Amino acid sequence: MKSYYEILGVDREASQEEIKAAYRKLAKKYHPDSGNEDEAIRERFLEIQEAYGVLSDPEKRKMYHYYGHEAYRKSYHAQYSYADSADAETGHCGNCGYGRKKPSEDEGPPPQSVRIAVWLELDETLREVVKDAYYTERNTSSASVNHPAEKSWKFQVKIPAGSYDHQFFVLEDVICSGEDFLEYQRKHNPDKLYTIIILLREKPGFIRQGYHLYTDCNVDFHTLVLGGTIKVPGISEEILVDIPPGTSLERKLRLVNHGLIRPKKMGGRGDLYVKLHIRIPQELTPSQLAAFQNLKEAMEEAED
C-alpha cells in the first residue's frame with residue numbers, strides 16, 4: 001500500500017509548498033473533467049485528493065506520522081471532506097462530485113468526533129481493563145494566566161473484554177474517573193463528541209497480520225521424531241499442543257481461534273500460526289551422548 005507521500009511523489013520531509021506544487025500538477029493531469037472517463041484515472045484522482053487533504057493540513061500530517069498509513073486511514077479516513085464550490089487554488093471542481101468520500105461504519109467513529117487513543121497489550125483484549133487516557137486541548141484564543149495555551153487532562157476508561165484493534169467507544173460510555181473532563185467539555189464544547197480509539201501494542205515474539213498471529217517455537221529433536229506434547233506461546237498463556245510422530249520442521253501449526261479478537265460482524269478470533277524450530281542441546285551427559293551415538297550408528301546401518 002502506497003503512503004500519501006508516494007502517491008504525491010514527494011519526500012517525507014517535503015515542505016508545504018512542495019506538497020501543494022506536486023498536488024496541483026497531479027490534479028491537473030488526472031482530473032476527470034479532462035475528458036478521460038477511465039475508472040482507474042478516477043480512482044487515481046480520488047487517491048491524490050485524499051493524500052493532499054492530509055498532508056496539506058499540519059495537524060493531520062502530524063497524526064499521520066504518529067499512527068502510520070494503515071492505522072490513520074482506518075481510524076481517521078471518515079473525517080475528510082472537500083470543498084463544495086469551485087476552487088482554482090486546489091483544483092476541486094465542486095460540481096463534479098469527485099474527491100468526496102462518504103463515511104461508512106467500517107471506517108471508524110463519527111466523522112466530527114474527537115478521537116482519544118488508548119493502547120492495549122494483546123492479552124488485555126481478552127479481559128476487562130481500566131486504562132489511563134490523556135487529552136490535551138489547545139486554546140485557540142489568546143493565552144493568559146486564566147486561559148493557558150494548553151489544557152491537559154488525565155482520566156481512566158474501562159475497556160470491556162473482547163475489544164479489538166481500531167474499535168471505538170463513546171467516551172461517556174466507558175469513562176470511570178475524571179468526570180470533571182466531561183463536565184468541562186459539556187460547558188465549553190457542548191457540540192463535540194469524544195470517542196476512545198483502541199490501538200494495539202506489538203508483542204515481542206509475535207507478528208500480526210490482520211487478526212492472525214505468527215510466532216516461533218523450539219522443539220526437542222526426540223519430540224519431533226517420537227511425537228509428544230509441546231508448549232506454544234500464546235498472547236495470554238502457553239498453549240499445550242500435541243504433535244504427531246515424524247513431524248518435520250517444514251510443517252506450520254495452525255491453532256484456530258488463538259489469534260486476535262475480530263469485530264462482532266466477523267465473529268470469533270483470528271488464528272495463531274506456529275513455525276517449529278529444532279532445539280539443539282549444547283551440553284550432553286555421558287548417557288545422552290552414548291544414546292545419540294547409538295542412534296547414529298543404528299540409522300547408518302539402516303541406510304546400508
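In what order do the strands of the open sheet of three strands stand, and what kind of pairing joins them? In this predicted model, the order is β1-β6-β4, and the pairing is mixed. The edge strands of this sheet are β1 and β4, the latter spanning residues 168-170, and each of the two pairs on one side only. From one strand to the next, the twist averages 30°.

Strand β1, which covers residues 114-120, is mostly covered, with five of its seven residues buried. The pairing of β1 with strand β6, formed by residues 194-200, is parallel and comprises seven bridges. Two positions illustrate the register of this pair: Val114 stands opposite Tyr194 in β6, and Ile116 stands opposite Ile196, likewise in β6. In general, the strands of a sheet pair through backbone hydrogen bonds, and the pairing may be either parallel or antiparallel. It is also a general feature that the side chains of a regular strand alternate between the two faces of the sheet.

These strands belong to a protein chain that has nine helices and 12 strands. Of the 304 residues of the chain, 38% count as buried, while the accessible surface of the chain comes to about 18700 Å², with 49% of that surface belonging to carbon and sulfur atoms. When the contacts with a separation of 6 or more are considered, residues 24 or more positions apart account for 58% of them.

A further open sheet consists of four strands in the order β7-β8-β12-β11, again with mixed pairing. Strands β7 (207-209) and β11 (252-255) stand at the edges of this sheet and have a single partner strand each, so that one side of each is left without a neighbour in the sheet. Neighbouring strands here are turned against each other by 30° on average, with direction ignored. The partner of β7 is strand β8, made up of residues 212-220, and the two pair in the antiparallel sense over three bridges. Within this pairing, Arg208 has Leu213 in β8 as its bridge partner.

The loop between β7 and β8 contains Gly210. This glycine has a relative accessible area of 56%, and because the cut-off for an exposed residue is over 50%, Gly210 counts as exposed. Although Gly210 and Gly270 are 60 residues apart along the chain, their C-alpha atoms are separated by 8.1 Å.

On the surface of the model, a nonpolar patch is formed by Phe221, Val225, Leu226, Leu284, Leu289, Phe292, Leu295 and Met299, which together have about 720 Å² of accessible area. Two helices, α8 (221-226) and α9 (286-303), each supply at least two residues of the patch, and α9 gives the most, with four residues. One of the residues in the patch is Phe292, which has its place in helix α9. The relative accessible area of Phe292 is 38%; because partly exposed residues lie between the limits of 20% for buried and 50% for exposed, Phe292 is classed as partly exposed.

Key:
Residues numbered from 1 in each chain as written. Predicted model: local features only at pLDDT ≥ 70, side-chain atom pairs only at ≥ 80, totals over all residues. Heavy atoms only, no water. Buried < 20%, exposed > 50% of the residue type's maximum accessible area, 1.4 Å probe, protein only. Pairing = 2+ DSSP bridges. Patch = residues over 30% accessible without salt bridge, like charges linked within 9 Å, V, L, I, M, F, W, Y side chains within 5 Å. Areas by Shrake-Rupley, 256 points an atom, 1.4 Å probe, with all protein chains shown as cover. Salt bridge = Lys/Arg side-chain N within 4 Å of Asp/Glu carboxyl O. Contact = heavy atoms within 4.5 Å. Axes fitted to C-alpha atoms, helices over the stretch in contact; angles between N-to-C directions.
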